[in-house]
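Biologist: I would like to go through this one with you and ask how each label was earned. Could you bring it up so that we can both look?

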Amino acid sequence: MDGSELAGKILYTWMTLVLGFILLPSAFGVSLGISQIYMKILVKTLEGLEAIVEDEVTQRFSSEELVSWNLLTRTNVNFQYISPRLTVVWVLGVLVRYCILLPLRVTLAFIGIGLLVMGTTLVGQLPESSLKNWLSELVHLTCCRICVRALSGTIHYHNKQYKPQKGGICVANHTSPIDVLILTMDGCYAMVGQVHGGLLGIIQRAMVKACPHVWFERSEMKDRHLVTQRLREHIADKKKLPILIFPEGTCINNTSVMMFKKGSFEIGGTIHPVAIKYNPQFGDAFWNSSKYNMVSYLLRMMTSWAIVCDVWYMPPMTREKGEDAVQFANRVKSAIAVQGGLTELPWAAASALPSEYNRMASREELKQEGCTHVFGNLRREVGHATSTCIC
């Protein structure tokens, strides 16, 4: 058997396993229990690691830092160099994540995105009918499930009786671009956003053929009245999917909820609040777009152990008599913060970071006060990450 035949057999076996154990279960919305077994092994491994860390470095770090380390240097820098045992365990973890998990996840991501583009393009050629809507939802659900499994996602949905209904508006706190995948894995939504170029633009153009997503050109996004009118027309049709909106307007690090922009609450209709809370023990889902581009961020996600989160659907809310859009937005924000166990902050994300940094006198003063402590507290409040390495 020459090298090409061996490579062909390996590829055939690889794709067969992916098709049988991941793609087909995703299409039918069932689980074979592989994720549960993986998470149990991962939890036991990290529990064993905690014992090693406590034995090796208890006198050198606070207990809060110790219990948070998950074999990722992006969590606690330089932990892997504290002792030979930890170094060996960390190296084994790197090999597992980059040599086993990463190739599998990349394969699934390409399949999921490819099927989404092809599936929505084909469904988009059908005339408007209940069959087209059903096929569109099937394609979206299946492809999102595949993409979530590409991140070893373990999602727990609560209070499903409050899932957003057609003709409504779903609003949620925003941590990452994968928030869309997390929510769409359990039900379809009409997306709202700006038209992009490149691969994202191809995906947008394909998706809108099969589903009434609301995309705006850059010039249109500045016209609030036009945006509001388009959204009102959408929710007026009770047969259309609920609109998914992230009123914060940017990604926050999942410890806090910042000011909701009032535009989403001026439209009218029923608001369906959703709280999303990620578990950082297995991987940090937060996207700090000022530090990482999309490719770097996806690499971080695909080399994490897993993405674990809880999603709480909440009772629908409507604007009360005498309540303006700002008050309504704050009431919804407070409800999401309480349900998700998040800190409610009164300022907008766009203005929080500069004002806080302006209060810092100089880099030398930061060093004197304790750079890690100051920046750690600052970033916990304004939603910026402290990690610099992807290992």
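Biologist: Leaving aside its neighbours within four places in sequence, which residues is Leu183 in contact with?

Modeller: The model is a predicted one. In it, Leu183 touches Ala172, Tyr189, Leu244, Val274, Ile276 and Val311, once neighbours within four places in sequence are set aside.

Biologist: What makes the set around Leu183 a core, and which residues have the most contacts inside it?

Modeller: A nonpolar core has to be made of buried nonpolar residues joined through side-chain atoms within 4.5 Å. The largest one here has 46 residues, and Leu183 is listed among those with the most contacts inside it, along with Ile155, Ile178, Val274, Tyr278 and Val311. Helix H4 (residues 84-123) gives the most to this core, with six residues. A second core of 25 residues is separate and includes Val171, Val332, Ile336 and Ala337.

Biologist: Let's turn to the sheet. In what order do its strands come, and which ones are at the edges?

Modeller: The order is S1-S8-S7-S2-S5-S3-S4, seven strands in an open sheet with mixed pairing. Strand S1 (153-158) and strand S4 (214-216) are the edges, as each pairs on one side only. From one strand to the next, the twist averages 25 degrees.

Biologist: How do you know that S3 and S4 are paired?

Modeller: Pairing takes at least two bridges between two strands. Strand S3 (residues 190-194) and S4 are joined by three and run parallel, so they qualify as a pair. Gly193 has Trp215 in S4 as its bridge partner.

Biologist: And what makes S2 a partner of both S5 and S7?

Modeller: The same cut-off of at least two bridges applies. S2 has three bridges to strand S5 (residues 243-245), in the parallel sense, and four to S7, also parallel. That means both pairs pass. Ile169 stands opposite Ile243 in S5, while Val171 stands opposite Pro273 in S7.

Biologist: Which way do the side chains of S2 point, and are they buried or exposed?

Modeller: Ile169 and Val171 point one way, Cys170 and Ala172 the other, and all are buried. In general, side chains in a regular strand alternate between the two faces of the sheet. Helix H11 (residues 325-340) lies across S2, S7 and S8, at about 35 degrees to S7.

Biologist: Why is H4 called roughly antiparallel to H5?

Modeller: Their axes cross at roughly 170 degrees and come within 8 Å. Angles over 145 count as roughly antiparallel, so that label fits H4 and H5. Among the residues of H4 that meet H5 are Leu108, Gly112 and Leu116, and the H5 side includes Leu135, Val139 and Ile146. H4 and H5 also help to cover the buried residues of helix H7, as do S3 and S4. Those buried residues are Gly201, Ile203, Gln204, Ala206, Met207 and Ala210.

Biologist: Now the charged pairs. Why is the contact of Glu137 with Lys166 called a salt bridge?

Modeller: The nitrogen must lie within 4 Å of a carboxyl oxygen. This pair has an N to O distance of 3.9 Å, so it counts. Glu137 lies in helix H5 (residues 130-149) and Lys166 in the loop between S1 and S2, so the bridge ties together parts 29 residues apart in sequence.

Biologist: How many salt bridges are there in the whole structure?

Modeller: A search finds eight. One of them joins Glu344 and Lys333 at 3.8 Å, N to O. Since Glu344 is in strand S9 (residues 343-344) and Lys333 in helix H11, the pair links parts eleven residues apart in sequence.

Biologist: What makes Lys333 buried and Glu344 partly exposed?

Modeller: Buried means under 20% relative accessible area, and exposed means over 50%. Lys333 has 3%, so it is buried, whereas Glu344 is at 36% and counts as partly exposed.

Biologist: Which residues are joined into one network by salt bridges that share partners?

Modeller: Lys160, Lys163 and Asp186 are joined in that way.

Conventions: Residues are numbered from 1 along each chain as its sequence is written. This is a predicted model: local features need pLDDT of at least 70, side-chain atom pairs count only at pLDDT 80 or more; totals for chains, interfaces and linings use all residues. Side-chain values use heavy atoms; hydrogens and water are left out. Buried means under 20% relative accessible area, exposed over 50%, partly exposed in between (1.4 Å probe, protein chains only). Helices (H or I, at least four residues) and strands (E, at least two) are DSSP runs, numbered from the N terminus. Contact means heavy atoms within 4.5 Å. Axes are lines fitted to C-alpha atoms, for helices over the stretch in contact, and angles run from 0 to 180 degrees between N-to-C directions. A salt bridge is a side-chain nitrogen of Lys or Arg within 4 Å of a carboxyl oxygen of Asp or Glu. Angles under 35 degrees count as roughly parallel, over 145 as roughly antiparallel, 65 to 115 as roughly perpendicular and the rest as oblique.
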